[in-house]
Amino acid sequence: MSFLLTCPNCGVREVTDFGYGGESSKRPAERPASLRELSAYNYFRRNVAGVQREWWVHRSGCRAWFLAERDTTTNAVLWTVLPADAPRADGASS
Amino acid sequence: MRRLPPQPGERIDRSAPLSFTFDGDAIEAFAGDTIASALLASGRSVLSRSFKYHRPRGELCGCGQCASSLVTVDGAPGVRACGRPVTAGMVVEHQNAWPSLRFDAMRATDKLGGVGGTFLQVGFYYKTFIRPRRMWPVYERVLRHAAGLGKLPNRQEQRAWRTEYRRRHCDVLVIGGGIAGLTAAVHAAQLGADVVLCDDDVEPGGVQLAEGGHERMRELAARARTAGVEILSGASALGYFDGLVPVWQGDTLHQVRARRHVAATGAIEQPLVFPDNDLPGVMLAGGARRLAALYALAPGASAVVASVDERGVEAALTLHAAGVRVAAVADLRRDAADCPAAGRLAEAGIPLHAETTVVRAEGRRGVERAVLARVDRTGLALPDSAQQLECDLLAVSGGAVPASSLLLQAGGRSRYDVATGRFLPGELPEGVHAAGAVAGHDELGAAELSGELAGIEAALALGFGGEAVRRELAERRARLEARPLTPCAAPPAHARDGRRGGKAFVDLDEDVTVKDVEQAVAEGYDSIELSKRYTTATMGPSQGRFSQLPAVRALAAATGMPVGEIGLTTARPPWTTVALGVLAGRPFEPAKRSSIHARHRALGATVKWAGDWRRAYDYGDAAAEALAVQTTVGLIDVSTLGKLIVRGPDAGELLDRLYPNTMSSIKPGRIRYGVLLSDAGRITDDGTVCRLDDETFYVTTTSSGAAAVEQWFSWWLADWDLDAHLTDVTQGVSALNLAGPEARALLGRLTELDLSNEAFPYLDAQHTTVAGIPCLLLRIGFVGEVGYEIHCASAHGERLWDALAAEGARPFGLEPQRILRLQKQHILVGQDTDSESTPYGAALSWIVKLEKPQQFIGRWALEHAAQRTAATALVGFTVPSGRVPTEGAVVLHDGKPAGQVTSARRSPKLNQAIGMAWVPAAQAVDDARIHISDVGSTFEARVTTKPFYDPEGAVLRS
């Protein structure tokens, strides 16, 4: 795996500068109704082959967390933004 | 070999002689020589011994690519003598020969092959050495000694060479500095692109440097530099990894990331396959030309040239011009006599034998004779066509194969063009261009034109240049397409005279013969990928550069399949063999040290790793240090604790959402213990939270968890959009813990603060000065005695330490601290807990406040957990027999494993063996008997759910 990411604060850097925070999934506001749903929230990931929204942290840089959309099949990064500026995601991935 | 008179394009500087040693002998050379050219000039012809049969090998490729010239330089093995320039005083040694290069005892393996039949043939180690099985270790030692290419020094100090990484982002990376590469670089750069060009050789120019074009190529390189191209010479592209190309140049590994790539990697001349085609003196025609043109060496006194195309004729003419007598040219082409240069050959008096090839080389230590013959389709000499010619140089050329490995690694495909008999790159991946011989444009003009095209196309794709350039491009493309590719002649897979004896090598790196390939096919390994793995052909140090076509042709001959159907093997990195140390880069093991570390060293502390930290484990006597804390006063450096400042109107809310207990209700100047949980309710870290003022909290974490907690906090902060800010002050703040019955009195002498229990009770925090140093004082008791954590700017750390030590505080290390905290059953996250531990299991139920309103992290999982009894619980235990179990020992229940010991020590204060363990929940009651199985014996222990020392905390709070 080798590609570039644009830190919203610092600019373009090698992916090795960053920490991966996994696919972005919103924490529910209230407790999931069943243990099964809770476990799904805790342990299941969508793991899409395609574009997904995900968290990254500029670990060896400004240490900011930001969101990115990346195609997991090509590692093409569509965009990166600080969370406050994130475009609304489609219902499924946010 | 002798030196020739000065050659027009020679690379050596005759005014700068220098010397180095080879196997202890002084060798005279000129600046600009390679190790190989200097050794050859000194009269040596054998440079190495082969991998398996230990046959003597001489120069083959002359360009630093083959395995025939591997030597050890200044202790580093695997250096290619014909690529590495000499430096004064360098120590060069042969490898893979014992006792000497001239006489190698392991040569017996070669002779045995002739007599015994199957010894060392393909697959021999799978078949020969498997029985009896118990003998394998013996076989292995012998085989390891027999095989291999050089030895690494055992000791790290003897491997002082190291590489640094350099990251380089550019618009266009051109790989290969021949005519096509340089032209592409110049054109892309002139249109405004930031261009890097890398090339294996010590200067760009490619084959033209040795083939009459040196002036032009050097002028072109100068133009490239003027246009702003960064030229990396002596720099090999190792592979293509998702657009990242590592380029190895001496002690630097450039990680070049370009938006566009131009592969101008050229084509690789292939050897011919015939009996004893590895004798020293058998050389690639191009290699012989390089030796003559660049190093002014006469590659032989008398030469025979054997080829399948124009390369042979050209080589013969240049060798002749350099003063080498050329006895004959054997050219496999039927119409060889009609070729453009045939006339010049005749003028030079060099006989040209058309439809003829070499069927055997003869000689003892090197080539003495070549046998030429006309051959049938299989390569067998036709009756009465053979002739013997005396020579000491046999220059061979079996056509060329495009050096397409990087293109293929980038996702391109190779295709076999039946009409021309060439392997050509098929469709190229996005962003990758091919120029020159690698794309089939091996004629000079076509190579240049394809370079122009690639450079302009790459620049245009990046937005450089305009409409006019685009139009020009179309015109150039049309011109290039108008040039047809010339057909390639294919030599037989195995030319031979039919006489017995002599090995015909398909792969010189790995000592794989035609016979080996035939045997592999006979045993069923009949596809190129299987045959490759079984015979190891193309798997040697030259990465198949000189064995690709011979291996394909041998397989085609053995299976009867056409070459095009056999195809090429999968291209994998590294394209150039590289030492693992180069990829590893500088040894980089980050170590964190507290600002007081020098004091610990000066005190003779045993320093050990604790996560990334180097910490004082003890100062010689852990038990005495622990006791001192309990009887007088001790001092420990706890600067390694993670320290975060959380500030803002929502700081309390943030902490309430992150911790299972309530932090927003802490009054300014008070401290609360907390554990951090994952959303699955598992303990991830612990520490204290101190409220400094309404909007400011000072959070400490475990030493090893600091970075993770900071990331955890900032992640949720990023998601939740709370008005709070996080500052990690771990590195900027030193912290000392002063503890013991005399701690209060000692500290009282250094501060004006009222330290009485009424004025400054347990879990209070105050800003004050200690020994004149501004400090934050936290009254915390991790070790169980009255204690103060004193935090100050790390610049003052040593001064604070000195002041406290001068007052009589005895330093104690990590180990005594662990004894003391175990007496109190204070958990160590990660030691006493694991990824499955919840606060309920870890006897921390009291910390979970399900009644608070926040949907804190871990809450939902704990709500479920609260309704069930945990299967196991963390408890303390004592061992009546006094035995201290190993940490990790098994707790048995009904004879079956049911838990484990997480911590165990001997307590000097209590004079007994104490510990903590996960036990079945039913046994988590005082005085329950548990059984511990440890290193083969089982013994009893008693459960203690309360701290072993000061169970009610009276001492701590006094």
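The two exercises below, each with a worked solution, concern a predicted model.

**Exercise 1. The sheet in chain B**

Work out in which order the strands of the open sheet in chain B are arranged, and which strands stand at the edges.

*Solution.* Begin with the order, which for the five strands of this open sheet in chain B reads β16-β24-β18-β19-β20, with parallel pairing. Next, look at the edges: β16 (282–284) and β20 (352–354) of chain B each have a single partner strand, so one side of each is left without a neighbour in the sheet. Then consider the angle between neighbouring strands, which are turned by 20° against each other on average when direction is ignored. For one pair in detail, take strand β19 (residues 325–331) of chain B, which pairs with β20(B) in the parallel sense over three bridges; B:Val329 has B:Leu352 in β20(B) as its bridge partner. Finally, add the helix: α8 (residues 310–321) of chain B lies across β18 (302–307), β19 and β24 (393–397) of chain B, and runs at about 175° to β19(B).

**Exercise 2. Where chain B touches chain A**

Describe the side of chain B that touches chain A, taking first the residues in contact, then the elements and then the residue classes.

*Solution.* Start with the contacts, in which 18 residues of chain B meet 19 residues of chain A, a contact being counted when the C-beta atoms, placed from the backbone, lie within 7 Å. The elements of chain B that give two or more residues to this side are α21 (706–720) and α25 (859–866), and the largest share, five residues, comes from α21(B). Sorted by class, this side of chain B has seven nonpolar, four polar and seven charged residues.

Definitions and conventions: Residues numbered from 1 in each chain as written. Chains lettered and ligands numbered in written order. Predicted model: local features only at pLDDT ≥ 70, side-chain atom pairs only at ≥ 80, totals over all residues. Contact = placed C-beta atoms within 7 Å. Helix = DSSP H or I, 4+ residues; strand = E, 2+ residues; numbered from the N terminus. Nonpolar A, V, L, I, M, F, W, Y, C, P; charged D, E, K, R; others polar. Pairing = 2+ DSSP bridges. Axes fitted to C-alpha atoms, helices over the stretch in contact; angles between N-to-C directions.
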